[in-house]
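Work through the exercises below with the sequence and the structure at hand. Each task is followed by a solution in steps.

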Amino acid sequence: MIEGPDGSSPVPLAPFLRRLAALQKSINIGTFIGHGSVRERVVGRVNRHATAEELDQMRTLVEQGMKDGAFGLSTGLIYLPGNFAPTSEIVELAKVVGRLGGHYQSHIRDEGGRVVEAVREALAIGEQGGLPTQITHHKAVAQPNWGKSVETLRLISAARARGIDATIDQYPYASTGASFPTYLPAWAREGGLEATRSRLKEPELRAKIKAHTARVLRLGAARGDLTKIALAQCTWDKTLAGKTLADVVRLRGNNVTVENGAEAVFGLSSRAPAKPSRATHSVNRTLSAFLSIRRR
């Protein structure tokens with residue numbers, strides 16, 4: 001079992017690994033050092049490039065994580081604050097990991113309309129960083145993008161042919177999992193949950209965020225069908241666990257439309273704890289998790 005996926009891990013790793021070592025275990029457990037967690041520690045949840053000094057601090061944290069026992073560096077470039085990082089930043093950290101014999105594992109920057117570009121980025125990081133690279137839970141999200149896997153697999157095969165140790169993994173079910181903020185634009189999530197709540201109180205900003213969220217609901221894996229989005233858990237209202245986003249819209253007294261679905265996402269987000277506990281997987285990282293299920 002590998003901990004620290006999708007850019008999220010304890011920082012520093014040593015205390016976590018000491019607690020882990022003290023437990024009785026029946027399986028082998030390893031961990032990656034998470035780029036998102038490192039960036040949040042040094043730069044914060046802000047949309048800007050790291051300074052030279054901050055990049056040095058991140059290099060130090062990543063190197064210490066490797067020396068503590070990490071198997072490599074993970075990124076979650078669809079999540080905050082990983083999606084604020086330019087490719088060049090990740091390459092620099094990957095070089096540290098490569099020098100120490102580690103791997104690079106990535107939840108790539110886009111799994112839908114720009115999945116081809118995102119796969120190119122992951123392969124470039126591995127090639128420039130000089131280390132084995134794995135694209136995790138590889139897929140092409142939403143039916144209009146399904147055929148793009150032909151090109152992404154061609155890119156991966158071509159990379160392997162020229163000597164890059166590039167691999168992928170998949171999960172065996174037709175659904176995706178993420179936290180509610182991924183339906184909001186990255187700029188609306190900058191600075192954390194409280195900053196997002198403040199933006200949602202401003203009519204013009206709320207309208208822009210709603211337009212984006214409605215578009216994601218309409219064009220994403222659910223294709224506008226709110227019955228295909230189910231809450232896997234809800235820490236602040238356990239009665240919502242298992243209900244669909246369509247159910248939540250009805251509970252709010254509204255007709256089931258994509259626009260009302262966007263408002264329901266806002267309502268769920270604004271009622272969530274300001275400082276949720278850190279979970280071990282990105283699906284549960286913030287707010288209530290959901291599964292967007294694609295039925296054939």
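**Exercise 1.** Decide whether Arg109 is buried, partly exposed or exposed, and find its salt-bridge partner.

Solution. The model is a predicted one. Step one: the relative accessibility of Arg109 is 25%. Buried means under 20% and exposed over 50%, so Arg109 counts as partly exposed. Step two: the side chain of Arg109 meets that of Glu121 in a salt bridge, with 2.8 Å from N to O. Step three: Arg109 sits in the loop between β5 (103-107) and α5 (115-129), while Glu121 belongs to helix α5, so the pair ties together parts twelve residues apart in sequence. Step four: Glu121 has a relative accessible area of 11% and is therefore buried.

**Exercise 2.** Find the salt-bridge partner of Lys139 and state where in the chain each of the two residues lies.

Solution. Step one: the side chain of Lys139 forms a salt bridge with that of Glu111, at 3.0 Å from N to O. Step two: Lys139 is in the loop between β6 (133-135) and α6 (149-161), and Glu111 is in the loop between β5 and α5. The pair thus links distant parts of the chain, 28 residues apart. Step three: Lys139 is buried, because its relative accessible area is 17%. Glu111, at 9% relative accessibility, also counts as buried.

**Exercise 3.** Describe the salt bridge between Arg218 and Glu259, then give the number of salt bridges in the structure.

Solution. Step one: the side chains of Arg218 and Glu259 meet at 2.8 Å, N to O. Step two: Arg218 is part of helix α9 (residues 203-219) and Glu259 part of helix α11 (residues 258-271), so this pair ties together parts 41 residues apart in sequence. Step three: Arg218 is partly exposed at 37% relative accessibility, and Glu259 is partly exposed with a relative accessible area of 35%. Step four: one network, joined by salt bridges that share partners, holds Asp56, Arg59, Glu92 and Lys95. Step five: the structure holds 19 salt bridges.

**Exercise 4.** Which helices each supply at least two residues of the largest nonpolar core?

Solution. Step one: the core has 25 residues, and Ile33, Met58, Val62, Leu73 and Tyr104 have the most contacts inside it. Step two: the helices asked for are α1 (14-21), α2 (35-42), α3 (52-68) and α4 (87-99). Helix α4 gives the largest share, six residues. Step three: leaving out residues up to four places away in sequence, Val62 touches Ile33, Val38, Leu73, Leu93, Val96 and Val97. Step four: a second, separate core has 24 residues, including Leu184, Ala188, Leu200 and Leu231.

**Exercise 5.** Is Thr244 buried or exposed, and which residues does Thr244 touch?

Solution. Step one: Thr244 counts as buried, because its relative accessibility is 15%. Step two: Thr244 lies in the loop between β9 (229-233) and α10 (245-251). Step three: not counting residues up to four places away in sequence, Thr244 touches Leu226, Thr227, Ile229, Ala230 and Leu231.

**Exercise 6.** Which residue lies over the face of Trp187, and over which residues does pLDDT stay under 50?

Solution. Step one: Lys208 lies over the face of Trp187, 5.1 Å from the ring centre. Step two: the average pLDDT of the chain is 87, and 91% of the residues score at least 70. Step three: pLDDT stays under 50 over residues 273-296, for which the model has 82 contacts beyond four places in sequence.

Methods
Residues are numbered from 1 along each chain as its sequence is written. This is a predicted model: local features need pLDDT of at least 70, side-chain atom pairs count only at pLDDT 80 or more; totals for chains, interfaces and linings use all residues. Side-chain values use heavy atoms; hydrogens and water are left out. A charge sits over a ring if NZ of Lys or CZ of Arg is within 6 Å of the ring centre and within 35 degrees of the ring normal. Helices (H or I, at least four residues) and strands (E, at least two) are DSSP runs, numbered from the N terminus. Buried means under 20% relative accessible area, exposed over 50%, partly exposed in between (1.4 Å probe, protein chains only). Contact means heavy atoms within 4.5 Å. pLDDT is the predictor's confidence in each residue, from 0 to 100. A nonpolar core is a set of buried Ala, Val, Leu, Ile, Met, Phe, Trp, Tyr and Cys residues joined through side-chain atoms within 4.5 Å. A salt bridge is a side-chain nitrogen of Lys or Arg within 4 Å of a carboxyl oxygen of Asp or Glu.
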